[in-house]
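Student: Please choose one part of this structure and examine it closely. I should then like to follow its surroundings outwards, in one connected account.

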Number of protein chains: 2
Amino acid sequence: MILHGYWRSSAAWRVRIVLALKGLTADQVPHHLRDGGQRAPGYLALNPQGLVPALVTDDGQVLTQSLAICEYLEEIAPEPSILPGDAAMRARIRAAALVVAADIHPIQNLKILRRLRDLGQDDQAWARQVIEDGFDALEALLADTPGPFAFGAAPTLADVCLVPQMANTRRFGCDLRWPRLQAIEAECLKLDAFRLTAAEHQPDAE
Amino acid sequence: MILHGYWRSSAAWRVRIVLALKGLTADQVPHHLRDGGQRAPGYLALNPQGLVPALVTDDGQVLTQSLAICEYLEEIAPEPSILPGDAAMRARIRAAALVVAADIHPIQNLKILRRLRDLGQDDQAWARQVIEDGFDALEALLADTPGPFAFGAAPTLADVCLVPQMANTRRFGCDLRWPRLQAIEAECLKLDAFRLTAAEHQPDAE
């Protein structure tokens, strides 16, 4: 498999974590987002959204959208599962992942922050508000789940989305007011699958 | 089951479509989003995000995030499937759904548009740009899939997300420049599961 990504993309990091948790490997092809590499014609032919990550499967199919790629990896390599439990538990895990992947990250990604700057707005304050709103809700959604991970004794898709977003949260200088989320992050970062896949360990890191 | 929603929420409409496709029913409890009903303490206790939809299962569990709810319904009632095919096809369907549910809708929902208006920005122009960017990419992503639906002969999670977003698209006065997406929408709206679940047919419609 080939993973098209970028060292500092939190969406690409999600996929790197799932690959590592499942003991899978993919060749990494970096696209420099700040230089517009994801808008190059060759990459747009692969992913018309001009976003990373994209995963090219062993038989050449191109998969986009990090959560869809994570679900694909879960289906081709079910163990260890990142979506354990019954249908309701799996729905709660997916919902926690979507709080990050739908309601936080896309509203504070590079493209949207650039648009806000072009409108003369304070993009950093915008990002902090989006993250703080989302994480306040996520902290409440996880209030009654067992630890040490977001949903119990092993990491799930919720942890996979949480940890990269916590890194963004620090980058934007948010007030870290989520004891449960921070405890989950600390637990995850004990694992190589989370720690060694972080931005700063990627070959294209600056 | 109880579905907490709002007639004009495109995310709630997704869930109404999946319930109808699978022949399931849920009692509907409306929350008036423009009046802030979703921020009432009682509802926030149910969904700390203060968003609709939320689904309360028969055994009282509260599920949030429309895509997580749709996946739950797919798991408890697998036929007819909204995620057919092999792992790669399911990933492509989920990716198309996420283009709408992660990269379009959350960036042009009521909450974000209000924030932009408060900043003195043209929220309608913002919404049009977000939708047009996303739909241009979605039209390209679906260029090689068989019709008449987004992924062949029957509606999938991709169609479930597309049709409600097309209604938003008209509401914001976008230039309708996506022949494939419009053909898919027309095909879907031949089905009661899409047509009768539309905003204007809901009990709380104004």
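Tutor: Pro53(A) is found in the loop between α2 (41–46) and β3 of chain A; helices (DSSP H or I, at least four residues) and strands (DSSP E, at least two) are numbered from the N terminus. The model is a predicted one, in which local features need pLDDT of at least 70 and side-chain atom pairs count only at pLDDT 80 or more, while totals for chains, interfaces and linings use all residues. Residues are numbered from 1 along each chain as its sequence is written, and chains are lettered from A and ligands numbered from 1 in the order in which they are written.

Pro53(A) counts as buried because 26 C-beta neighbours lie inside 10 Å. The criterion for "buried" is 20 or more other C-beta atoms within 10 Å of the residue's own, with 12 or fewer for "exposed" and "partly exposed" in between, the C-beta atoms being placed from the backbone. The peptide bond that leads from Val52(A) to Pro53(A) is cis, with omega near 5°. Most peptide bonds are trans, and most residues other than glycine have a negative phi. A second cis bond runs from Gly147(A) to Pro148(A), with omega near 0°; Pro148(A) is found in the loop between α6 (123–141) and α7 (157–171) of chain A.

The contacts of Pro53(A), leaving aside neighbours within four places in sequence, are Leu3(A), His4(A), Gly5(A), Ser9(A), Ala11(A), Ala12(A), Val15(A), Ser66(A) and Ile69(A). A contact here requires C-beta atoms, placed from the backbone, within 7 Å of each other.

The strands can be taken next. β1(A) (residues 2–5) and β3(A) (residues 54–56) pair in the antiparallel sense over three bridges, pairing being assigned when DSSP finds at least two bridges between two strands. In this pairing Leu3(A) stands opposite Leu55(A) of β3(A). β1(A) also runs parallel to β2(A) (residues 27–30), to which four bridges join it; there, Ile2(A) has Asp27(A) as its bridge partner. Together, β1(A), α1(A) and β2(A) form a right-handed β-α-β unit, meaning that, with the strands pointing away from the viewer, the path from the first strand over the helix to the second runs clockwise.

Another residue with a backbone feature to note is Gln65(A), in the loop between β4 (62–64) and α3 of chain A. Although it is not a glycine, Gln65(A) has a positive phi of about 70°, and it is buried, with 29 other C-beta atoms within 10 Å. In chain B, Gln65(B) lies in the loop between β4 and α3 and has a positive phi of about 70° without being a glycine. Gln65(B) counts as buried because it has 29 C-beta neighbours inside 10 Å.

The domain contact follows. Chain A is divided into domain 1 (2–79) and domain 2 (87–193), with bounds from an automatic or database domain assignment. Twelve residues of domain 1 of chain A and 14 residues of domain 2 of chain A make up the contact. On the domain 1 side, α1 (10–21) and α3 (66–76) of chain A are the elements that give two or more residues, and the largest share, eight residues, comes from α1(A). That side divides into nine nonpolar, two polar and one charged residue, where Ala, Val, Leu, Ile, Met, Phe, Trp, Tyr, Cys and Pro count as nonpolar, Asp, Glu, Lys and Arg as charged, and the others, Gly among them, as polar.

Between the chains, the contact takes 34 residues from chain B and 34 residues from chain A. On the chain B side, two or more residues come from each of β4 (62–64), α3 (66–76), α4 (87–101) and α6 (123–141), with α4(B) giving the largest share, ten residues. The chain B side comprises 22 nonpolar, six polar and six charged residues.

Finally, the largest nonpolar core holds 130 residues, of which Ala96(A), Ala97(A), Ala96(B) and Ala97(B) touch the most other members. Such a core is a set of buried Ala, Val, Leu, Ile, Met, Phe, Trp, Tyr and Cys residues joined through C-beta atoms within 7 Å. Beyond four places in sequence, Ala97(A) is in contact with Leu67(A), Leu157(A), Ala158(A) and Cys161(A). To return to the starting point, the C-alpha atoms of Pro53(A) and Ala96(A), 43 residues apart along the chain, are separated by 20 Å.

Conventions. Two residues are in contact if their C-beta atoms, placed from the backbone, lie within 7 Å.
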